[in-house]
Amino acid sequence: MSAAPATIAETPAGLPTARQVRTHLRRARRRHHEHSLGDVLGDAYVVVLFVGMYGWFAVSASRDVLVSPTVGRADEGVRWWLAVAALLAGAGLAWRGLRALGPLLVTPATQSWVTSAPVDRRAWLAPRLGVLLAGAAAGTALLAVAVAVLGGVTDLGAVGWAAAAGAGWGAAALALSVVAQSSRSGRRWPTVVGAAPMAAAAVVATVVVIVGRLGEALPRPAALPTGALVAVGVPLAVLGTIRAVRSLPRVDRATLTTGAQFANAAATATILLDPSMLTSLVESRRWRRIGRVRSRRFRPGPAWWALLQADVRRLRRHPSALLIWAGLIGVQYAAALALPGLAGATQVVFAYVATDRLTGGLRAVSRSPGLRRALGGSDAALRGIHVAVPAVGAGLWWLLTLPSLPTLDAGPTWLAPTLAVGVVAAAWRAGTRPPINYGGATVNTPFGMIPVDLLRQGSRGPALLAVLVLVQLFLG
């Protein structure tokens, strides 16, 4: 039996309810989609299969690496507390992601034709909230199970408690982020909720690193506190859901569409294998938040001196880049303490991430031919000027993290300076990447078509980083 035709003439008279609008749209979409329920279930089966298969492989491989004697045996208490710090930092980052995404969002068409109409907004958004709550609870439950298995937990009861704790806290975070989305701008509690786990993670990691460097052992709890986490997380999820449902009418159209832009950019960047689409949106939002700055004259000198001062001033107006650069120093010390056998490799990776945060000027110059023409001079000279700040930052970061290595004399004497220069080169290659050309070659494999040329263009910097890591592992 075919669906009834959806026409304007069939629109119910009077003010339609949210359910009537959804039914009307569902019937209209069926006329333009030929996917059956079996196709949808088949796609869902493939997604679940791949997530389960590759997820289990990742957990098993990570567990084998952690127990391998090649990475070094760190103190169990140190590893346990560093894992706590990592979970707290992950919770803070997840909250920031939820706030950037919405989490409730609508398409531009829905914004124009539904949310701008006198349709009950709570009734319209409630099904989306329910789906998001279920997805957040299921995702965080799976993540909690993975963390428990990674930590060596084999008892099914303990794994079940971990899943319940993850589901409770995931649902609570999602519900509270919806409440924050409906709050008026300028309220501080959403910022405090996101900053508190990050600050706690920094404090825990700092204490653990200091105690570990002093050679002292840290006590580890005899059992996982999953019961306490469930006792707090589940009631918090219930209260948060009640507050979220009550706040749905106050979610305005601006916040609904802001997250949609971020989601569309993330989806486009994933499909086209071009992360610059997402990073450009994030960067433009960051500069728009600043709004107004105080202009000051540069110190007199040649053109390169003025451009160098402008690049330094750019960092002063982007303090989060410096904060991440400095925070990665502590991350390197924590990683070296937890995985002493991989301290050299983690130093290379984190040095690249820290240097990449300082390449804002290099990326802006490299991706804008108009800006280069306006500044004058050759492209090579402009890029050379804007790589000075990342190079100095990489050198300083490398020197500050040298004491984190278990043995300073590991490997040949030329290895450390070569790796440091290689990190700058990798950041240079990533920052000067030209626009992606989608007309390159692809290879037909048993797993499907692989866009080899796209992967080559997108991995300019990471490919060199992988070579540096291999060199460090073999020669370090």
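In which helix is Leu49 found? In this predicted model, Leu49 belongs to helix 2, which comprises residues 37-67. With a relative accessibility of 41%, Leu49 is classed as partly exposed, because that value falls between the limits of 20% for buried and 50% for exposed residues. Leu49 also contributes to a nonpolar surface patch, together with Tyr45, Val46, Phe50, Met53 and Tyr54. The combined accessible area of the patch is about 610 Å².

The chain as a whole contains 20 helices and two strands. Its C-alpha trace extends over about 80 × 65 × 50 Å along the principal axes. Of the 476 residues in the chain, 33% are buried. The exposed area of the chain amounts to about 27700 Å², of which 68% is supplied by carbon and sulfur atoms. When contacts between residues at least 6 apart in sequence are considered, 77% link residues at least 24 apart.

The interior was examined next. The largest nonpolar core consists of 42 residues. Within this core, Val348, Trp397, Trp398 and Val423 have the most contacts. Helix 12, spanning residues 319-338, provides the largest share of the core, with nine residues. The surroundings of Trp397 were considered with neighbours within four places in sequence set aside. On that basis, Trp397 is in contact with Trp325, Leu328, Ile329, Gln332, Gln347, Phe350, Ala351 and Ala354. Another core, of 23 residues, lies apart from the largest one; among its members are Ala18, Ala172, Ala237 and Ala244.

Helix 4, formed by residues 108-115, was then analysed for the placement of its buried and exposed residues. Thr110, Val114 and Thr115 are buried in this helix. These three residues lie on the same side of helix 4, because the arc they cover around the axis is only 70°. In an α-helix there are 3.6 residues a turn, so residues three or four places apart point the same way. Pro108 and Trp113, by contrast, are exposed on the other side of helix 4. The cover over the buried residues of helix 4 includes three further helices: helix 1 (18-30), helix 5 (121-150) and helix 9 (253-272).

Notes:
Residues numbered from 1 in each chain as written. Predicted model: local features only at pLDDT ≥ 70, side-chain atom pairs only at ≥ 80, totals over all residues. Heavy atoms only, no water. Buried < 20%, exposed > 50% of the residue type's maximum accessible area, 1.4 Å probe, protein only. Helix = DSSP H or I, 4+ residues; strand = E, 2+ residues; numbered from the N terminus. Arc of directions from axis to C-beta. Contact = heavy atoms within 4.5 Å. Patch = residues over 30% accessible without salt bridge, like charges linked within 9 Å, V, L, I, M, F, W, Y side chains within 5 Å. Areas by Shrake-Rupley, 256 points an atom, 1.4 Å probe, with all protein chains shown as cover. Salt bridge = Lys/Arg side-chain N within 4 Å of Asp/Glu carboxyl O. Core = buried A, V, L, I, M, F, W, Y, C linked by side-chain atoms within 4.5 Å.
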